[in-house]
Amino acid sequence: MKDVINDILKAALLYETYDMSPEDKSYLKDYDDVLKNDRLKVLKEEMREAFHVCDEKKVRILVEKALEVHRIQDVCRIMILLIEETERTAFGPSVFRFGIKTWVLSYVIKDYEIMRYLYHEVFEKRLKPWKKKKLAVAVVEPDMHEYGALYGEIILKLAGYEIVNLGYNLPIKKVLGDVKSKKIDILVLTSILSDPYDNMESIVKELKGTKTKVIISGTMPWEIVRRIKADGYINCLALGPKVIDHLTGVKKYTEHEVPILYD
């Protein structure tokens, strides 16, 4: 069965390579400064193969060897790029422009699991934040799904941010209290259900005008995010670092580079 699954994943990887439009491939330009290094380019292709066929042992060996000769920041950026490639293929161009409508292709979750495995086995003890802003991720009641927050926490740590996972199924007062006491600069509210929308909107209203910016992440249609006047929208996991870099002034992007990004 494992061989069959790997064959399917390889086929999906070939589909990705040939089916992406030039516009969808434009995001690769953001990594030119990393990939112009020949050794990093080779590493990226080696990791890409191991990453997408879920070979934990192989990808761990590659990453550990890479960390002996490359900056940890560059290796982390390659991992985020690989997640972005997978998401753009699985979700498709319409998702990146208009928001998630359906959850498709389970191999995206497989890549998330590889990322989580690598973080806990390789990066967690070595990685220190190199960006100054403090982030928090939270899942508001009555949503009990914690995995979106866990994946989000890890990818934002790989992007260099200090991040606090406040938890899931959280009351509004708990979220607001933690944001204040922990001095959070950016709060990421994530959900895959529609039930927490009203509570998320209440939190956005309470924090409007404060120093804390609020980003909505997950399956909420972008029209609703605009209506409740959140500061930004992360419609796919790998875009999270770019949206937050934009809002914190680390690096500015256009809406073409990161669809559904707005101030």
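Asp 245 turns out to be buried in this predicted model, because its relative accessibility is just 8%, and buried means under 20%. Its side chain meets that of Lys 131 in a salt bridge, with N and O 3.0 Å apart. The two partners come from distant parts of the chain: Asp 245 sits in helix α13 (residues 240–248), while Lys 131 belongs to the loop between α8 and β1 (134–140), and 114 residues separate them. Lys 131 is buried too, as its relative accessible area is 16%.

Another pair that links distant parts of the chain is Glu 121 and Arg 60, whose side chains form a salt bridge at 3.3 Å, N to O. Here Glu 121 is in helix α8 (residues 107–123) and Arg 60 is in helix α5, 61 residues apart. Glu 121 counts as partly exposed because its relative accessible area is 41%, and Arg 60 is partly exposed as well, at 25%. There's a third member to add: Glu 64 joins Arg 60 and Glu 121 in a network of salt bridges.

Lys 44 and Glu 45 make a salt bridge as well, with their closest N and O atoms 3.4 Å apart. In this pair Lys 44 is buried, at 7% relative accessibility, whereas Glu 45 is partly exposed, at 41%. Altogether, the count of salt bridges comes to 13.

Some charges gather without such partners. Glu 46, Glu 49, Asp 55 and Glu 56 make up a patch of negative charge on the surface. Of these, Glu 56 lies in helix α5, which runs over residues 56–69. Glu 56 counts as partly exposed because its relative accessibility is 37%, between the 20% and 50% cut-offs.

Now for helix α11 (residues 197–207), where the buried residues are Tyr 197, Asn 199, Met 200, Glu 201, Ile 203, Val 204 and Leu 207. In an α-helix, residues three or four places apart point the same way, because there are 3.6 residues a turn. Just after α11 comes Gly 209, which takes a positive phi of about 90 degrees.

Zooming out, the chain has 13 helices and five strands. It is 263 residues long, and 54% of them count as buried. Among contacts with a separation of 6 or more, 74% come from residues 24 or more positions apart. The accessible surface of the chain is about 12900 Å², and carbon and sulfur atoms account for 53% of that area.

Terms used. Residues numbered from 1 in each chain as written. Predicted model: local features only at pLDDT ≥ 70, side-chain atom pairs only at ≥ 80, totals over all residues. Heavy atoms only, no water. Patch = residues over 30% accessible without salt bridge, like charges linked within 9 Å, V, L, I, M, F, W, Y side chains within 5 Å. Areas by Shrake-Rupley, 256 points an atom, 1.4 Å probe, with all protein chains shown as cover. Salt bridge = Lys/Arg side-chain N within 4 Å of Asp/Glu carboxyl O. Lys, Arg positive; Asp, Glu negative; His and termini not counted. Charge placed at Lys NZ, Arg CZ, Asp CG, Glu CD. Helix = DSSP H or I, 4+ residues; strand = E, 2+ residues; numbered from the N terminus. Buried < 20%, exposed > 50% of the residue type's maximum accessible area, 1.4 Å probe, protein only. Contact = heavy atoms within 4.5 Å.
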